[in-house]
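The exercises below are meant to be worked with the sequence and the model side by side. Each one sets a task and then goes through a solution step by step.

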Amino acid sequence: MATHAAFMPGEAAAAPSGLWSWITTVDHKRIGILYGTSAFIFFLVGGIEALIMRLQLAAPDNTLVGAQRFNELFTMHGTTMVFLAIMPMSAAFFNYMIRSRSARGTWPSPGSTPSPTGSSSPAPCSCT
Ligand code: HEM
């Protein structure tokens, strides 16, 4: 898939800017930042859900939320934290770092042979 438009010599590429450049980005570092930002927002949402549960449990026979609503908060807090905060946060780090490290050959990957100098050379293909 082509990710760069062809330009005539001397013609400046009109790079998208602002919000649109973030929505349409194919830059792995920016995608990592987007993952991290949304994970942090959901971490706050999960925290608010935990806070409401804590307030309900702070006093006996509290009536802040009913039993049904408490169960919903319990489910949504766990789901929010695990699937919308912790897992995307790991994706944030993977997207931000892995491509640049493997391209430099400082991390092992199927296409590169790590070396102490950081240079990478393609591994000999053993396929037939
Ligand atoms: C990595 C994921 C999670 C994080 C970071 C997290 C974080 C927190 C925090 C900071 C509190 C407030 C603690 C307090 O008020 O004493 C809390 C409360 C709570 N969490 Fe989580 N949580 C996570 C996953 C889960 C899961 C998977 C469940 C259950 C399915 C769960 C159930 C609860 C419940 C029931 C409370 C209220 C307990 C209480 O306040 O006495 N949490 N959580």
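**Exercise 1. Establish where the predictor is confident and how the chain is built.**

Begin with pLDDT, the predictor's confidence in each residue on a scale from 0 to 100: in the chain, its mean is lowest in α3, at 90, and highest in α2, at 97. Over the chain the mean pLDDT is 82, and 66% of the residues reach 70 or more. Where pLDDT is low, the predicted coordinates should not be read in detail. Because this is a predicted model, local features need pLDDT of at least 70 and side-chain atom pairs count only at pLDDT 80 or more, while totals for chains, interfaces and linings use all residues. Residues are numbered from 1 along each chain as its sequence is written.

Next, list the elements, which are DSSP runs numbered from the N terminus (helices are H or I with at least four residues, strands are E with at least two). The chain has three helices and zero strands, in the order α-α-α from the N terminus on.

**Exercise 2. Check whether the length of α2 agrees or disagrees with its residue count.**

The expected span of a helix is 1.5 Å times one less than its number of residues. For the 30 residues of α2 this gives 44 Å, and the end C-alpha atoms are 43 Å apart, so the two values agree.

**Exercise 3. Describe the shell around the ligand.**

First collect the residues near the ligand, meaning those whose C-beta atom, placed from the backbone, lies within 6 Å of it; they are A50, M53, R54, L57, F74, H77, G78, M81, V82 and I86. Then assign them to elements: α2 (28-57) and α3 (67-104) each supply at least two residues of the shell, and α3 gives the largest share, six residues.

Finally, sort by class, with Ala, Val, Leu, Ile, Met, Phe, Trp, Tyr, Cys and Pro as nonpolar, Asp, Glu, Lys and Arg as charged, and the others, Gly among them, as polar. The shell then has seven nonpolar, two polar and one charged residues.

**Exercise 4. Classify burial for the chain and for chosen residues.**

The rule counts other C-beta atoms, placed from the backbone, within 10 Å of a residue's own: 20 or more make it buried, 12 or fewer exposed, and values in between partly exposed. Of the 128 residues of the chain, 6% count as buried, and in α2 the buried residues are Y35, G46 and E49.

V82, which lies in helix α3, is exposed because it has 11 such neighbours. E72, also placed in α3, has 13 and is therefore partly exposed. G32 in helix α2 has 19, so it counts as partly exposed. D61 sits in the loop between α2 and α3 and is exposed, since it has 4; its phi is near 55 degrees, a positive value in a residue other than glycine.

**Exercise 5. Find pairs that are separated in sequence and compare their spacing in the model.**

Take C-alpha distances first. G32 and M89 are 57 residues apart along the chain and 8.8 Å apart in space; E72 and E49, with a sequence separation of 23 residues, lie 9.6 Å apart; and V82 and F42, 40 residues apart, are separated by 10.0 Å.

Then turn to contacts, for which two C-beta atoms, placed from the backbone, must lie within 7 Å. Leaving out residues up to four places away in sequence, G32 touches A92, N95 and Y96. In the chain, 45% of the contacts with a separation of 6 or more join residues 24 or more positions apart.
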